[in-house]
Amino acid sequence: MLTCTGSHLGGVVANADLMTVTLEGVLDSDLVELDELTVQLRAELLELDVDRVDPVRIEETPAGSKPGDAIALGVLAVTLSPIALRGVFRLLETWMTNRPVRKVRVVFGDDSIELEQASVEDQRRLVDAFIMTHESVSSVEREGETGSSSA
């Protein structure tokens, strides 16, 4: 199943340079395995044309842990330009098929997409639509920044 939600159609996207990727392991996976998968995905994402890939820190620490040390397991913050979206999604698509991951949720701006147990064609179609939305928003934003108004 693939789902895609968003609060805009062709509008300006807030935080367009920050993507959050959340992994959900298969039913019999444990927290150690989820952490290892997150580290592996982070390393592969850093090989792409992205600015940063960082673990996401949580404000509320579990009982018994030191303040500031807690990270959200399975969650990465990816800083990138919209032009790098396609490469990130292609990596996620192939990476998921070879790992014990049930679902990957991506939040980019006000939009989100969940990749899970879908045919390659369905997954590709939804991802392409998601990317095209953000590529067109990015080009509109660039034109607004560099364009001039006619009088």
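This note comments on the fold, the helix contacts and several individual residues of a predicted model.

1. **Overall architecture.** The protein contains 3 helices and 6 strands. Read from the N terminus, these elements follow the order β-β-α-β-β-α-β-β-α. Among contacts with a separation of 6 or more, 70% join residues that are 24 or more positions apart.

2. **Burial and surface.** The protein has 151 residues, of which 36% are classed as buried. The exposed area amounts to about 8,900 Å². Carbon and sulfur atoms contribute 52% of that area.

3. **The aromatic pair.** A search of the whole structure returns 1 aromatic pair. The partners are Phe89 and Phe130, and their arrangement is edge-to-face. Their ring centres lie 5.4 Å from each other, with 70° between the planes. An angle over 60 degrees counts as edge-to-face, which is why the pair receives this description.

4. **Placement of the pair.** Phe89 belongs to helix H2 (residues 85–97) and Phe130 to helix H3 (residues 120–146), so the pair ties together parts of the protein that are 41 residues apart in sequence. Phe89 has a relative accessibility of 0% and counts as buried. Phe130 also counts as buried, at 3% relative accessibility.

5. **Arg90 in helix H2.** Is Arg90 buried or exposed? Arg90, which is located in helix H2, is buried, with a relative accessible area of 19%. The cut-off for this class is under 20%, so the value of 19% places Arg90 among the buried residues. Leaving aside residues up to four places away in sequence, Arg90 touches Arg124, Val127 and Asp128. The C-alpha atoms of Arg90 and Val127 are 8.8 Å apart in space, while the two residues are 37 residues apart in sequence.

6. **Packing of H1 against H2.** The axes of helix H1 (residues 31–46) and helix H2 approach to within 11 Å, crossing at roughly 140°. The two helices are therefore oblique to each other. As to handedness, the crossing of H1 and H2 is right-handed. On the H1 side, the contact is made by Leu37, Gln40, Leu41, Glu44 and Leu45. Helix H2 contributes Val88, Leu91, Leu92 and Trp95.

7. **Pro55 in strand E3.** Pro55 is found in strand E3 (residues 52–57). With a relative accessible area of 35%, Pro55 is partly exposed. Which residues does Pro55 touch, not counting residues up to four places away in sequence? They are Arg42, Ile71, Val75 and Leu76. Between the C-alpha atoms of Pro55 and Val78 the separation is 8.9 Å, and these residues are 23 residues apart along the chain.

8. **Arg102 in strand E5.** Arg102 is part of strand E5 (residues 101–108). Its relative accessible area of 30% makes Arg102 partly exposed. Arg102 and Gly25 are 5.2 Å apart in space, C-alpha to C-alpha, although 77 residues apart in sequence.

9. **Points to view together.** Helix H2 appears in two of the descriptions above: H2 supplies Phe89 to the aromatic pair with Phe130 of H3, and H2 supplies Val88, Leu91, Leu92 and Trp95 to the contact with H1. Arg90, likewise in H2, touches Arg124, Val127 and Asp128.

Technical notes. Residues numbered from 1 in each chain as written. Predicted model: local features only at pLDDT ≥ 70, side-chain atom pairs only at ≥ 80, totals over all residues. Heavy atoms only, no water. Helix = DSSP H or I, 4+ residues; strand = E, 2+ residues; numbered from the N terminus. Buried < 20%, exposed > 50% of the residue type's maximum accessible area, 1.4 Å probe, protein only. Contact = heavy atoms within 4.5 Å. Areas by Shrake-Rupley, 256 points an atom, 1.4 Å probe, with all protein chains shown as cover. Phe/Tyr/Trp six-rings, centres within 6.5 Å; stacked < 30°, edge-to-face > 60°. Axes fitted to C-alpha atoms, helices over the stretch in contact; angles between N-to-C directions. Parallel < 35°, antiparallel > 145°, perpendicular 65-115°, else oblique. Left-handed = near helix turned anticlockwise from the far one by under 90°.
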